[in-house]
Amino acid sequence: MRLTQAFIPTLKEDPTDAELISHKLMIRAGMLRKLAAGIYTLLPLGWRTTRKVAQIVREEMDRAGCQELLLPILMPAELWRETGRWEKYGKELFRPRDRHERDYALGPTHEEAITDLVRTHVRSYRDLPLNLYQIQTKFRDEIRPRFGVMRAREFLMKDGYSFHVDEAQLESAYERMREAYAAVFRRCGLEFVVVEADSGAIGGDVNHEFMVTAASGESLIFSSACGYAASSESAKYRVIPHSAEPEARLEERSTPGQKTVEEVSAFLGLEPSRLLKSLLFLAGEEPVLAVVPGDRELNEAKLARLLGHAAPRLATAQEIEALTCGPLGFTGPVGLPSRLRSVFDVSIQEGRNYVTGANKRDAHLVGVRVGRDVRIEERADLTTAREGDCCPRCGDTLKLSRGIEVGHIFKLGLKYSEPMGARYLDAEGNERTIVMGTYGIGVTRTVAAVIEQLHDENGIIWPYSVAPYHVHIVPVNTAHAETRAVAESLYAGLVDRDVETILDDRDERPGAKFKDADLMGMPLRVTIGEKGLKDGVVELRDRKSGTVERVAVGEAAEACAKRVAAELTKLS
């Protein structure tokens, strides 16, 4: 490709609305342009890299025995109502209506559509296992679309679905997908970790995320020396038991205007860990009181998973008063109606004296004892781990890092097949429910993750496997006849060798050409200058290491081709 003919509108300055380096560099390098909030056009350079990532995904999925298909983006609401996700998915689901006022969903994921297809055609155990996937545009109405294609409302995704006779067969497929996903991200030149994760709106009891390690990552990762790794939405920690304390008398204390943990603990002269925060949520119509230690943060993803609701919401002041007979800011678990479901964090222990809201304005209860003053009928892991907590497996210290989620695999079990009636006949003629798994890769997100991990102050550093082009030829002075002739000859030689090449044939200053070359980040730059030509050589510069090799003009095309082939082999 000649730059004089290419549509690669580079920019000198960072866009004002971009925060992440990948967003900035994709805009500046002429890969991406914004159409509306969370909606982007992939320009030719960006689309080339996206197609390469998608091709790597295809190759690894096909190698793992999967079959590609293409499902409709638009799905009837009836399918989503069968699984209950029409009500539970939340506002991220785009819900258009047709001219007949029929409801539809724009696919954020396709469990319902694929299960409907399989239940129609699979009849016998002989038809299973089955592993199907697609690479397709997805839609999610993000509350705050940002970071370019990292969190967009429209994006390209690979989503796959497997169908099995039992859990053992699913386990085998799940491990194959784990290996295939690892191969995908290795081939993309990425460093990543596999973590236990929250299943979110997809569901399933067992799931793992593939996280690209990056300081800019939105996701927090907790890990320890034993190999335990989990996202902040699902990370557990070992609770350290406290020794029993002398039993205190339950008393009501006046705490005028003191509502927050910080205010109450300071007012009463107690550590925040002595307080119990009582947060009232509504999961659909069901009110639930979540009780956690005052020095811990409630993990809403864990609560949502426990309640089986995608987005439980905090109760309003009016709802709190109606359910507890007390005002906002003074809610506590003592004396509440038994019909109100209350869930206590696993770290709340018997034998301690706690402080809670008194369900009365400007009042708290001190000396609250679990078992005596409040009865715990339901416990759950409700709080977010912290750096320095003890690993739930080995007891070692948990360390905190950041990552970007690029892939997610789930054991769904019967979550979709049961309500949708996806069944088969076993060898004895008995009807059984199909066991499912689902597997996703954010294709456009992976492109951004590569940039987040592989860049410097000058621009992108593409690995050969997903670089838009492999070689970037920069003739320093196109007005110089010999320089121009050597550049044209080298370009033709590389094209003949099927090496993906850009020729900067613009009449631009050398500094501008070099800046654009570094910004766009092709792995190998060939500089052709008058000084080098006097010695009969051109310079090959590696974008990642910065090392320069002088090669004879007549050997340059073959040298470039061999280097590209060798680097591609490393990542294949």
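## The five-stranded sheet

In this predicted model, five strands (DSSP E runs of at least two residues, numbered from the N terminus) make up an open sheet of mixed pairing, ordered β27-β26-β28-β29-β30. Its edges are β27 (501–503) and β30 (548–552), each of which pairs on one side only, where pairing requires at least two DSSP bridges between two strands. Direction ignored, neighbouring strands of the sheet are turned against each other by 25° on average.

Within the sheet, β28 (residues 524–528) and β29 (residues 537–542) are joined by four bridges in the antiparallel sense, and Leu524 has Asp542 of β29 as its bridge partner.

## Helices on the sheet

Helix α11 (residues 481–496; helices are DSSP H or I runs of at least four residues) packs on the sheet and touches β26 (471–475), β27, β28 and β29, contact meaning heavy atoms within 4.5 Å. The direction of α11 makes about 165° with that of β26, angles running from 0 to 180 degrees between the N-to-C directions of lines fitted to C-alpha atoms, for helices over the stretch in contact. Helix α14 (residues 556–570) lies across β26, β28, β29 and β30 and runs at about 15° to β29.

## Domains and confidence

An automatic or database assignment divides the protein chain into domain 1 (44–235 + 400–452), domain 2 (251–380) and domain 3 (469–570). The C-alpha centres of domain 1 and domain 3 are separated by 41 Å.

The mean pLDDT (the predictor's confidence in each residue, from 0 to 100) of the protein chain is 93, with 99% of its residues at 70 or more. Among the elements, helix α4 (residues 85–88) has the lowest mean, 88, and strand β3 (residues 67–68) the highest, 98.

## Conventions

Residues are numbered from 1 along each chain as its sequence is written, and side-chain values use heavy atoms, leaving out hydrogens and water. Local features need pLDDT of at least 70 and side-chain atom pairs count only at pLDDT 80 or more, whereas totals for chains, interfaces and linings use all residues.
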